[in-house]
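Here's a quick tour of a protein model for anyone who likes to know what a contact really is before trusting it. Have a look at the sequence and the structure, then read on.

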Amino acid sequence: MNFVMALTSNLAPEICCNDIYIKIAVGNPILHYTWENGQFTTYAINIETNSPSFALSKSTIRRRYSEFVQFRKMLKSQHPAIQPPPLPSRSLFKNRFDPDFIEERSQGLEKFLQKVFSISLYLSNKTVHLFSQTKFSMDEISSIVIGGDINVCNSEPLPKAERSPSREANRHV
């Protein structure tokens, strides 16, 4: 399947092919202040699609820049023959909480995801779907992808020894 980039009338980026579309928007940055994690920014990833590759036709999930970095590393390790698209650069000399920088980064993250979703091999990648449409942490995503389970009650990976045969048969994500 060959994907091409297109813009809709409301300027929302879209990847389309044969009436299949994937609209991607990254924005609505929120600054968080926490005692344990310090200050950080999350970005909303909004996806609207009719692609059968996706479990949800509409979704919104929040991710930090550091999660995008981990996500890219996971794609690179899972598909070493494909160079994942570049992320916007880290802020070495800029204030990462400056509104202009945050907006620039948001646009860069959106372009990154547009390019990821334009690579057809990635559309069948479990990591791509867990990252873009679930609230699982990157550690949980990694555990699921390598064959671990997630205890839904407390969202912690279960060791393989604690899995029952019936859970093993029904653990597809």
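Let's start with a rule: a salt bridge is a side-chain nitrogen of Lys or Arg within 4 Å of a carboxyl oxygen of Asp or Glu. By this rule the model has one salt bridge. It joins Glu67 and Arg63, whose closest N and O atoms are 3.3 Å apart. Glu67 and Arg63 are both buried, where buried means under 20% relative accessible area, exposed over 50% and partly exposed in between (1.4 Å probe, protein chains only).

Some ground rules on where all this comes from. This is a predicted model, in which local features need pLDDT of at least 70 and side-chain atom pairs count only at pLDDT 80 or more, while totals for chains, interfaces and linings use all residues. Residues are numbered from 1 along each chain as its sequence is written, and side-chain values use heavy atoms, with hydrogens and water left out.

**Confidence**

pLDDT is the predictor's confidence in each residue, from 0 to 100. The chain averages 80, and 73% of the residues score at least 70. Over residues 1-11 the pLDDT is below 50, and this stretch has 24 contacts in the model beyond near neighbours in sequence; a contact means heavy atoms within 4.5 Å. Residues 154-173 also stay under 50, with 26 contacts beyond four places in sequence. Where pLDDT is low, the predicted coordinates should not be read in detail.

**Layout**

Helices (H or I, at least four residues) and strands (E, at least two) are DSSP runs, numbered from the N terminus. The chain has five helices and seven strands, in the order β-β-β-β-β-α-α-α-α-β-β-α from the N terminus on. Of its 173 residues, 42% are buried. Among contacts with a separation of 6 or more, 47% are between residues 24 or more positions apart.

**Strands**

Two strands pair if DSSP finds at least two bridges between them. Strand β3 (residues 20-34) and strand β4 (residues 38-49) pair in the antiparallel sense over 11 bridges, and a hairpin of three residues joins β3 to β4. Lys23 stands opposite Glu48 in β4. On its other partnership, β4 runs antiparallel to β5 with seven bridges, and Ile47 has Ser59 in β5 as its bridge partner.

In a regular strand the side chains alternate between the two faces of the sheet. Along β5, Ser59, Ile61 and Arg63 point to one face and are buried, while Lys58, Thr60, Arg62 and Arg64 point to the other and are not. The salt-bridge residue Arg63 is thus on the buried side.

One backbone oddity is in strand β3, where Asn28 has its place. Phi of Asn28 is near 45°, a positive value in a residue other than glycine. Most residues other than glycine have a negative phi. Asn28 counts as exposed, at 52% relative accessibility.

**Rings**

Rings of Phe, Tyr and Trp (its six-membered ring) pair if their centres lie within 6.5 Å; planes under 30 degrees apart count as stacked, over 60 as edge-to-face and the rest as tilted. That gives five aromatic pairs, including these two:

| Pair | Centre to centre | Angle between planes | Type |
|---|---|---|---|
| Phe54 and Phe117 | 5.5 Å | 75° | edge-to-face |
| Phe68 and Phe131 | 5.1 Å | 80° | edge-to-face |

Phe54 lies in the loop between β4 and β5 (58-64) and Phe117 in helix α2 (residues 99-117), so the pair ties together parts 63 residues apart in sequence. Both Phe54 and Phe117 are buried. The other pair links Phe68 in helix α1 (residues 65-78) to Phe131 in helix α3 (residues 126-133), 63 residues apart. Phe68 is buried at 0% relative accessibility, and Phe131 is buried at 0% too. Ring pairs link Phe68, Phe71, Phe112 and Phe131 into a cluster.

Charges get in on the act as well. A charge sits over a ring if NZ of Lys or CZ of Arg is within 6 Å of the ring centre and within 35 degrees of the ring normal. Arg64 lies over the face of Phe40, 3.8 Å from the ring centre, and the charged end of Arg105 sits over the ring of Tyr65, 3.6 Å from its centre.

**Helices α3 and α4**

Which elements cover the buried residues of α3? They include β4, β5, α1, α2 and α4. Seven of the eight residues of α3 are buried, so this helix is largely enclosed by the rest of the structure. In helix α4 (residues 138-145), Met138, Glu140, Ile141, Ser143 and Ile144 are buried. Just after α4, Gly147 takes a positive phi of about 110°.
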